[in-house]
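Me: I would like to go through the terms used for this model and check each against its definition. Please look at the structure first.

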Amino acid sequence: MKFNTKTIHGGQKPDPAYGAVMQPIYQTSTYAQSTPGGHKGYAYSRSHNPTRTALENAIASLENGTYGLAFASGLAAIDAVLKLLQPGDEVVSTNDLYGGSYRLFTKIYEDLGIKFHFVGMQNAKNIEHYITPDTKLIWVETPTNPMMNIIDIVSASGIAKKHKVLLAVDNTFATPYLQNPLDLGADIVMHSVTKYLGGHSDIVMGALVVKDKELADRLYFVQNASGAICGPQDAFLALRGIKTLHIRMQRHCENGKAVAQYLDDHPRIKNVYYPGFTTHPNHNIAKSQMKDFGGMVSFTTTGNNYQEAINIIERLKIFTLAESLGGVESLAGHPASMTHASIPKEERENLGIVDSLIRLSVGIEDVDDLIADLRQAIG
Ligand code: P1T
């Protein structure tokens, strides 16, 4: 089945009860049993719920995986992966990543005895310098949030396999439409479903997909034991969103490209971070591992100061100033004070997350209106 068919049918069957084409919302916490253990595969909705199962199968299908697990948020999905680790274990992580992932790593798991090495992975060979006998996990986010760095998943996977450690890839920015990390050798793919998969800014949710049964069993144990699951209404909304992922992504990519080009040509814009430019340092890797370049674009202004960036963001009328990304509507954010405020200023600035950086999630509106909005805001 090709991708554009999988978004609609992948892992999906009409509901066995009445043939409903859309998976019904099984709004129930529990299920009748004829005798203890005598049930139809569902005993309690923390453990399993048919609407969640349908979503988990759909996401697994999109990622060419075998097992999908849905969680209450993207961070809950990451948290489940980290719960596979023990005190004394080490993780080699991308240094430029979502601020909330960084906060989870440094403010919760570091205190529990797990050591993190934050590494610039634009040259994937750098990963290997930080591998020790205690390394258990390589955490890759690509494209990175918000600097749009690209990490070579095939190279990272070669290093992971050589040292027998797990490779997890946060595929939130790319989505399975653009990139399938499991096909490139990753063991775990993670999504903030809140973003492009949901696509309509109406849910908070996360997901993991794996191929290996034993790994799936360990993650399922955490999902059930810790209980950070998503509810059936949200699972339904995510399933509905996924059905249009391919056409939304096509437009996100077209609009992202046009917006990036407009900004790059603008005399008051200094740097534009977008992997579709041939001048992007890892453009060739992006081209080889992604189908297109997505709808995320970050940029700085020539004035290079906080107030100028804030003035531009506040003048925008169609782009809404908000956290998050990946919905049909365009959003603008200020990473230094919003999504990445939990990263210490000096570390942030070393990564390029300066006070003049603006991040755009380019939506699927008419691109002429988006560019006109940027023109009036930038001046
Ligand atoms: O918000 P949540 O569903 O828990 O997902 C966390 C997360 C994980 N990974 C990436 C790459 C992300 O971008 C996010 C969430 N990001 C935002 C809210 C944001 O505005 O960047």
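Reply: In strand β5, Leu167 is the bridge partner of Ile138. This is a predicted model, where local features need pLDDT of at least 70, side-chain atom pairs count only at pLDDT 80 or more, and totals for chains, interfaces and linings use all residues. Residues are numbered from 1 along each chain as its sequence is written, and side-chain values use heavy atoms, without hydrogens and water.

Me: Why are β4 and β5 called paired?

Reply: Two strands pair if DSSP finds at least two bridges between them. Strand β4 (residues 135–141) and β5 have five bridges, in the parallel sense, and therefore pair. Strand β6 (residues 188–192) and β5 also pair in the parallel sense, with three bridges; there, Asp170 stands opposite Met190.

Me: What makes β5 mostly covered?

Reply: Four of the five residues in β5 (residues 166–170) are buried, meaning under 20% relative accessible area with a 1.4 Å probe, counting protein chains only.

Me: How do you know that Asp170 makes a polar contact with the ligand?

Reply: A polar contact is a pair of N or O atoms within 3.5 Å. A polar side-chain atom of Asp170 lies 2.6 Å from a ligand nitrogen atom, so the pair qualifies. Lys195 also qualifies, with a polar side-chain atom 3.3 Å from a nitrogen atom of the ligand. The protein buries 93% of the 480 Å² that the ligand exposes when taken alone, by the Shrake-Rupley method with a 1.4 Å probe.

Technical notes: Buried < 20%, exposed > 50% of the residue type's maximum accessible area, 1.4 Å probe, protein only. Helix = DSSP H or I, 4+ residues; strand = E, 2+ residues; numbered from the N terminus. Polar contact = N/O pair within 3.5 Å; in protein donor to acceptor, adjacent residues only side chain to side chain.
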